[in-house]
Amino acid sequence: MWSFYFNELMRSLPFFLKGLWMTVAVAGLSLIAATIIGFILGIVRASKNKILRSIIGAWVDLIRGTPFLVQVFIVFFILPSAGIELEAFPAAVIALSNMGASFICEIVASGILAVPQGQREAATASGLSSFQQLRFIVLPQAMRSIIPPLVGQYVLIIKDSSVVSAIGVVDVTRVGWLTVQRIPEGLMVFGLVGILYFAICYPLINLSNYMERRMTVTATRL
Amino acid sequence: MLEDFNFRVILEYMPLYLQCFLATLWLSALSLVGAILVGIIACAMRLSQSKTLSRTAGVYIESIRSTPLLVQLYFFYFGLPSLGVMVPEWVTGVFALTLNSGAYYAEIIRAGIQGIAFGQIEAGIASGLNYFQRMRYIILPQALGMTIRPMLGQAIVLVKDSSLLSLISIMELTRAGQLLTSNRFMPTEGFLTTAAFYLILYYLLKTFSRWSGKRLIFMEAH
């Protein structure tokens, strides 16, 4: 029986690859959007404007304090009652990039604040405008403490993208859920789904660890 | 969207919400205790001299961290019955949450222990402290001081992750929102109330985390 199910599963492999492609599409789009929005919010959050800073802080708290599943439901079910009808796919991307952006914002802000104040003062003394300071002095140094947790955050976004299967996005988790109705071997079906996620996330986690080690070494050497 | 926000329905469903709030609380608390125990054991195995034990713990930690919780949850939910293990849904849910957070706790505890300089332990031995005294007066206070905040951070993640249990039809906070949506077609009221309850837990844990950062007992390390 077991080998019969295994053959069945192998026959539906293309279906899983299609699902994996959907996972990559949802996570990839959200990852790009989250990085862009997260950097902008993070730069504002590390700035001197108190009002903007606390608005962003409050928003980040709201997102951090609620489960991603609830956020997905809010975007998918509540926005339509405000007149914004969304398909499952854009709803998933919006929810995921919003969540990612608020986490990346905190990473970027703490990276910027970790750059010693003297660097900014020296830049001001050299006559650089505040944009030039950010572009040539602060951000390049902040990147060292931003990049390792940023890659870690990407792993979280990819893993959290599995939750959007709950609103019917046919990603690889949803494919597993559909397949297990037909092939009642949960360990085998979700073992396969797990392997597919592992193949993406494990190298990224190692990359993050490797960069963390390398960047601290260069920092102490300086 | 908010002008016809129906507070009466929320009031009507309040007993259900409170019941579900308690369910989320005890499901999370149970998983938290389990996860810390699993974390301590996995960490001890990871740091042990035996290669087999260390590798086993390594495989466990890496495979948990590289796959989404939802896939792990489905793995056990659909997989355990095909192994002939018939348990109620909530047992499967707590089991998956425990194993998931356990891997993260193992890493947090490991960072705490490895963060203590070896010279401290040697100094303890040289001062004539026995193993128990070294643990009580040197290692644990410092390890606790360094790990209390990441531990509370993981507790916040765990509470939020428990929302995924609604997808295997366990009655908890997110499930209450889903019920309000499907019974009364009121997703706005349903999910915003759910989110509010999660925010209560989030702010409680966050305040505790801040407070512990200021307390002397946790600060002995720094």
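Colleague: In this predicted model, how many residues does each chain give to the contact?

Modeller: The size of an interface is often given as the accessible area lost when the parts come together. Counted by residues instead, the contact takes 34 from chain A and 31 from chain B. On the side of chain A that touches chain B, the elements giving two or more residues are helices H3 (50-65), H4 (68-78), H8 (172-182) and H9 (186-221) of chain A, and the largest share, twelve residues, comes from H9(A). By class, that side of chain A has 22 nonpolar, nine polar and three charged residues.

Colleague: How many residues of H4(A) are buried, and what do the buried residues pack against?

Modeller: A residue is buried if 20 or more other C-beta atoms lie within 10 Å of its own. Ten of the eleven residues of H4(A) are buried, so this helix is largely enclosed by the rest of the structure; among them are A:Phe68, A:Gln71, A:Phe73 and A:Phe77. The buried residues pack against H3, H5 (88-113) and H7 (130-160) of chain A, together with H7 (173-184) and H8 of chain B.

Colleague: Within chain B, at what angle do the axes of H1 and H8 cross?

Modeller: The axes of H1(B), residues 7-46, and H8(B), residues 187-214, come within 11 Å and cross at roughly 45 degrees, which makes H1(B) oblique to H8(B). The crossing is right-handed.

Colleague: Which residues meet there?

Modeller: From H1(B), B:Val9, B:Ile10, B:Tyr17 and B:Phe21 meet B:Glu189, B:Thr193 and B:Phe197 of H8(B); by class, this contact has five nonpolar, one polar and one charged residues.

How values were computed
Residues are numbered from 1 along each chain as its sequence is written. Chains are lettered from A and ligands numbered from 1 in the order in which they are written. This is a predicted model: local features need pLDDT of at least 70, side-chain atom pairs count only at pLDDT 80 or more; totals for chains, interfaces and linings use all residues. Two residues are in contact if their C-beta atoms, placed from the backbone, lie within 7 Å. Helices (H or I, at least four residues) and strands (E, at least two) are DSSP runs, numbered from the N terminus. Ala, Val, Leu, Ile, Met, Phe, Trp, Tyr, Cys and Pro count as nonpolar, Asp, Glu, Lys and Arg as charged, and the others, Gly among them, as polar. Axes are lines fitted to C-alpha atoms, for helices over the stretch in contact, and angles run from 0 to 180 degrees between N-to-C directions. Angles under 35 degrees count as roughly parallel, over 145 as roughly antiparallel, 65 to 115 as roughly perpendicular and the rest as oblique. A crossing is left-handed if the near helix is turned anticlockwise from the far one by less than a right angle, and right-handed if clockwise. A residue is buried if 20 or more other C-beta atoms lie within 10 Å of its own, exposed if 12 or fewer, and partly exposed in between; C-beta atoms are placed from the backbone.
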